[in-house]
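Hi everyone, thanks for making time this morning. I'd like to walk you through one protein model, so please have the picture up in front of you.

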Amino acid sequence: MPIVEFPQDLPPKYYHDYFGYVLEFVRKMYTPVLNESEKQFLRDYQHLSEDAQCLFIRFSNRSKSFFRVQSLAYAEIKDIPAVLEELLEKKFIESLCDQHVDRAGEIMDLFTKPEHLQLTRSLGPDIMPAKSIKKPDLVRWLLHEYDFLELLALICENEAVVKVCYEAEVMLMKFLFFGNRHADMTEFVVRDLGHVRFQSFDEEHLAIQFETRKDVDDTLMVSLMKETFDELKQELPPEEIFDWFMNWQTGISGTLSSKALPAYHLYVLRVGAWLERKKMLSQALTTYQLTNDAPSRERRVRLLYNLGFTDEALALCEEIKENPKNADERFFCLDFHERILNKKKRTVKRTTQALKSADAIEVPVMYRYQVELGAIHYYRNQGFQAFFSENEPWRSLFGLLFWDIIYDTNVQAIHNPLQRVPSDFFLPDFYFKRSAQLKSRMALADTREAIEKMVTETYQEKFGITNVLVSWYEGSLEKVLTLISLLTPDQIHAILLEIAYNLRENTRGFPDLLVWNETEYAFIEIKSPTDHLSSRQLHWQHFFAEIGVQSRIVRVNWIKDL
């Protein structure tokens with residue numbers, strides 16, 4: 001296994017280099033979509049001293065907006081008071097003032113409970129809160145009993161508090177660089193400390209992710225709405241949240257950029273599932289009707305049936321049957337259709353039928369919490385070799401054989417040098433854009449020896465580099481090579497193409513174990529007495545049978561420890 005050495009520490013102003021890189025990247029790639037305020041920010045930032053830039057970055061990289069000046073201490077910034085004056089003068093920060101009254105909660109959160117009690121004593125209330133009161137309750141009491149402007153005046157008398165400016169502009173710069181709201185500047189840190197090695201890209205060949213300002217605004221809006229939803233559902237009743245969501249939905253209906261649609265559909269599914277959990281069935285149905293992405297149609301069938309709309313549920317089952325989006329939809333529409341038509345007769349789901357008809361083996365009950373490990377020991381005692389084969393070796397096979405195709409910058413799905421996953425990875429576009437390349441690669445990989453050579457060479461060349469499909473550990477390559485040795489090239493090609501059609505769905509559900517000896521092999525889906533078989537697992541059982549790959553479901557019966 002190759003050995004790679006990494007630096008153990010970072011220079012004092014490492015974050016300054018990272019932030020400057022992000023701004024220069026955005027300036028180079030996205031100037032045509034920036035508004036005047038964002039361009040002005042880039043110009044003004046360049047005129048700050050290095051230390052002023054550093055303190056501004058320190059502020060901007062924090063999740064909060066307000067800072068107590070007396071708490072600021074950064075060894076790499078020499079004269080913090082002078083730097084604060086520069087940032088105030090250049091309007092990169094502002095002093096706490098009356099204009100911040102609508103952010104009272106954030107400001108009060110800067111201070112400790114003892115400090116709030118001291119503030120309370122200085123106000124001289126008739127009745128002091130108990131010392132045992134919790135900080136959130138004390139803050140609520142203060143904001144209820146006193147005008148916040150009065151509290152603000154006392155805070156400003158005692159110490160200086162500043163608020164960072166250009167928050168929207170900095171958020172946009174990071175969003176344009178990373179392409180989403182969940183990645184952040186720590187990606188640079190984990191790279192330079194060696195915790196993650198990223199695929200190397202020629203930056204001249206990176207593609208812009210957002211071609212128009214509408215692409216930017218709509219995609220960012222959906223991301224922010226998801227974050228707001230997660231906050232509101234902790235504070236408001238479901239009825240109000242549904243109204244809030246539908247008011248927003250009405251305003252954007254039919255106008256979203258195509259770039260924002262995948263994120264929008266995921267957001268709709270999240271809201272629908274939450275409403276369903278809150279027993280708001282009609283509202284959940286209305287929400288699910290905004291998308292056809294799985295599992296929306298399945299949920300709509302169930303809701304329609306539960307709400308008494310049987311004919312509509314049957315019609316939607318027929319629609320799903322004609323064009324299922326995944327294995328869950330494929331088996332669900334068949335099972336539920338039968339359930340509706342045979343109300344008086346108990347129907348058994350296809351996954352349950354397959355599980356009940358499976359053969360059984362006896363495994364000591366000591367393995368009841370490690371059923372797959374118990375099955376491995378069972379098969380090894382029968383003279384077979386065996387290992388865990390669920391998902392991971394198949395993903396690695398796909399990732400290693402098609403590594404350069406996955407990360408091909410010519411496909412225009414790689415947008416920044418720290419990108420772990422192509423932007424089209426979980427979209428239908430992945431296959432459509434790469435189908436010719438994938439088939440060309442498989443034409444070259446026409447023998448077991450050729451596939452093994454390609455996979456081994458890529459493993460050795462790319463070892464340790466992050467790939468969403470490939471696992472790096474001792475023995476991972478051997479698992480992949482075992483798969484290759486047992487299957488024919490045509491079988492391997494068929495499985496890899498099936499994965500490529502839908503990477504979100506088809507990289508999971510593979511059988512738990514591979515067992516083999518000198519004369520036979522089988523992929524085994526192991527199920528304990530309390531386990532259920534998923535639609536995705538049944539899909540792979542059917543698919544393997546169609547292409548002649550030996551695979552079966554095996555139930556485990558517990559016996560007393562030997």
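Let's begin with the whole protein: it has 562 residues, and 49% of them count as buried. Please keep in mind that this is a predicted model. The C-alpha atoms fill a box of roughly 85 × 60 × 55 Å, taken along the principal axes. In secondary structure, we have 27 helices and eight strands.

And how do the contacts spread along the sequence? Take the contacts between residues at least 6 apart in sequence: 72% of these join residues at least 24 apart.

Now to the sheets. Three strands make an open sheet, and if you walk across it the order is β1-β3-β2, with antiparallel pairing. Which strands stand at the edges? Those are β1, residues 66-68, and β2, residues 93-95. Each of the two has a single partner strand, so one side of each is left without a neighbour in the sheet. On average, neighbouring strands here are turned by 30 degrees against each other, ignoring direction.

Let me zoom in on one pair in that sheet. Strand β3, residues 161-164, pairs with β2 in the antiparallel sense, over three bridges. If you want a spot to click on, find Glu 94, which stands opposite Lys 163 in β3. There is also a helix packed on this sheet: α3, residues 50-60, touches β1, β2 and β3. The direction of α3 makes about 85 degrees with that of β3.

On to the next sheet. Five strands form this one, also open, in the order β4-β8-β7-β6-β5, and here the pairing is mixed. At the edges you'll find β4, residues 359-364, and β5, residues 385-388. Each edge strand has a single partner, so one of its sides has no neighbour in the sheet. From one strand to the next, the twist averages 35 degrees.

Which sense does the pairing of β4 and β8 take, parallel or antiparallel? It is parallel, and β4 and β8, the latter spanning residues 551-559, share six bridges. One of the positions to look at is Ala 360, whose bridge partner in β8 is Arg 555.

Finally, some helix packing. Two packed helices are described by the angle between their axes and the distance between the axes. I've picked two pairs for you.

My first pair is α9, residues 167-178, with α11, residues 213-232: they pack at an angle of about 105 degrees, and their axes are 11 Å apart. That angle is why we call α9 and α11 roughly perpendicular to each other. So who touches whom? From α9 we have Met 171, Leu 172, Phe 175 and Leu 176, and they meet Arg 213, Val 216, Thr 219, Leu 220, Ser 223 and Leu 224 in α11. By class, this contact has seven nonpolar residues, two polar and one charged.

My other pair is α12, residues 238-252, and α14, residues 281-288. Their axes come within 11 Å and cross at roughly 20 degrees, which makes α12 roughly parallel to α14. The crossing of α12 and α14 is left-handed. On the α12 side, Phe 242, Phe 245 and Met 246 meet Gln 283, Thr 286 and Thr 287 of α14. That contact divides into three nonpolar and three polar residues, with no charged ones.

That's my tour. Thanks for listening, and I'm happy to go back to any part of the picture.

Technical notes: Residues are numbered from 1 along each chain as its sequence is written. This is a predicted model: local features need pLDDT of at least 70, side-chain atom pairs count only at pLDDT 80 or more; totals for chains, interfaces and linings use all residues. Side-chain values use heavy atoms; hydrogens and water are left out. Axes are lines fitted to C-alpha atoms, for helices over the stretch in contact, and angles run from 0 to 180 degrees between N-to-C directions. Helices (H or I, at least four residues) and strands (E, at least two) are DSSP runs, numbered from the N terminus. Angles under 35 degrees count as roughly parallel, over 145 as roughly antiparallel, 65 to 115 as roughly perpendicular and the rest as oblique. A crossing is left-handed if the near helix is turned anticlockwise from the far one by less than a right angle, and right-handed if clockwise. Contact means heavy atoms within 4.5 Å. Ala, Val, Leu, Ile, Met, Phe, Trp, Tyr, Cys and Pro count as nonpolar, Asp, Glu, Lys and Arg as charged, and the others, Gly among them, as polar. Two strands pair if DSSP finds at least two bridges between them. Buried means under 20% relative accessible area, exposed over 50%, partly exposed in between (1.4 Å probe, protein chains only).
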